[in-house]
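Q: Please take a close look at the interior of this model, starting with its smaller enclosed space. Then carry the account on to whatever else can be read from it.

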Amino acid sequence: MPATHPTTDVLVVGAGVAGLACARDLLDAGLRVTVLEAGDGVGGRMRTDRVDGFTVDRGFQVFNTSYPQVKRRLALRGLRLRPFAPGVLVHTDEGRLRFSDPSRRPRTLPDLLPGRLASARDLLALGALSARDMLGPVGRIKRAGERTTRTALADAGFSEGFVERLFRPFLSGVFLEDELETSSRMFHLVWRSMLRGTLCLPAAGIGAVPTALTAALPAGTVRLESPVERLTDDGVLTADGTETPARAVVVATAAPQAAGLLPGLDVPAGRTVTTYYHAAPCSPLREPALLVDTRRRFLNTCVLSEVFTGYAPAGAALVATSVLGPDTEGREKEVREALDEAYDADTRTWDVLTVRTVRDALPAMPPPQPLSRNSRVGPGRYVCGDHRATGSVQGAMASGARAAREVLTDLGG
């Protein structure tokens, strides 16, 4: 405990959605909170920039309206959400196939006729799995035994061909891994959330989410461009040599930075993703659909200006395409060639607007995958983030909420 009385009860290091959620709960409980953010804006990996008149997120992301933490903390109307088309387009060697939820778009029912995307057996298995995940109690999923997603899909009765044609290319973009090695528990929870919610994007980009969380905090709570050098016995030492005391410190950074500030912290491996943003003279696909590739030359691609026209200036279209791993020499050329085929378009007229690589975009989640970990790592020391829960906005916010509860327990709040 510091020898002097701190002016702040809790210091939160990092202004991503986990840290912002934690700060909000602590403030609501009456504690004095300061959030220290190293960057020039809030959001962490959820940031949005304007590039030559285009709206560009720092890595392609989607927003799920069904997450409990999202519904609890955000006024969705204020985000001006724009939905993706329900389902997914699948580029195959036989052409483009559509997988969609006919309960949302009845006119797509013929796309699910046996023999097109799936056999009758696979469709029956899909209906049974989706009904259980969507309508059953969430506690059943959380208590279920764990295995890999690939094993779970086989046990559910899906043919290997259907898994390779739909689940593997689609889930590769969801979990940022292409071997279906993610925990089956995580798969079922994500599948449930997709069935019960809507995948969309804010009109101002994904950065609108942390901006809205920050707006709910008292002015001056978040201090930008305040990188923390290390934790001290009394609080933290920032890079400018200033020591700020506090009764408790919550580290709410990405996993590598958290491990650097909290030596000995066990963190999972991280998944890296690169998104290529192309400016096209016209839209290669006249719908706000996600397109995946059975040959897995890319994770997914979409025309963002079809999701919301304001993402691109008049007379142009914005195409976002994500791949696993970092940007390497020649990779954009390979991606462009794949897009030429997938969109049936001449991509030679497309310009590379920007390339965004996000390291540790998601934590690896193989089984066993705990849905939440304790935030308390020592006296007055706590940690939160999606790497302490599940790799999602829901997981990050829930981890921040858990850290706030444990801080309040220890401080008597």
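**Inside the model**

A: By class, the second largest cavity is lined by 4 nonpolar, no polar and 2 charged residues. This is a predicted model. The nonpolar members of this lining are Leu 20, Leu 213, Ala 216 and Leu 217. The charged ones are Arg 24 and Arg 73. The volume of this second largest cavity is about 40 Å³.

How many cavities of 30 Å³ or more does the structure hold? There are 2. The largest encloses about 50 Å³ of space.

The lining of the largest cavity reads differently by class: 6 nonpolar, 2 polar and 3 charged residues. Its charged members are Arg 45, Asp 360 and Asp 386. Gly 270 and His 387 are the polar ones. The nonpolar part consists of Ala 254, Ala 255, Pro 268, Ala 269, Leu 362 and Pro 363. Strand β19, residues 351–363, gives the most to this lining, with 3 residues. They are Asp 360, Leu 362 and Pro 363.

Next, the cysteines. The count of disulfides is 0. Cys 302 is in none, and the nearest cysteine sulfur, on Cys 200, is 13 Å away. A disulfide needs the two sulfurs within 2.5 Å, so that pair does not qualify. Is Cys 302 buried or exposed? Cys 302 has 1% relative accessibility, so it counts as buried. Cys 384 is also in no disulfide. Its nearest cysteine sulfur belongs to Cys 22, 5.0 Å away. That distance too is over the 2.5 Å limit, so no disulfide is assigned. Cys 384 counts as buried because its relative accessibility is 0%.

Last, a sheet. Which strands form it, and in what order? The order is β10-β2-β1-β14-β21-β20, 6 strands in an open sheet with mixed pairing. β10 (222–223) and β20 (376–378) stand at the edges. Each has a single partner strand, so one side of each is left without a neighbour in the sheet. Strands of a sheet pair through backbone hydrogen bonds, either parallel or antiparallel. For β10, the partner is β2, residues 33–36. These two strands pair in the parallel sense, over 2 bridges. Within that pairing, Leu 36 has Arg 223 of β10 as its bridge partner.

Conventions
Residues are numbered from 1 along each chain as its sequence is written. This is a predicted model: local features need pLDDT of at least 70, side-chain atom pairs count only at pLDDT 80 or more; totals for chains, interfaces and linings use all residues. Side-chain values use heavy atoms; hydrogens and water are left out. Buried means under 20% relative accessible area, exposed over 50%, partly exposed in between (1.4 Å probe, protein chains only). On a 1 Å grid over the protein atoms alone, a cavity is a set of points where a 1.4 Å probe fits but cannot get out, and a pocket is an open set with protein on both sides within 12 Å along at least five of seven lines; lining residues have an atom within 4 Å of a point. Grid points are joined across faces, edges and corners, and a volume is the space filled by probe spheres set on the points. Helices (H or I, at least four residues) and strands (E, at least two) are DSSP runs, numbered from the N terminus. Two strands pair if DSSP finds at least two bridges between them.
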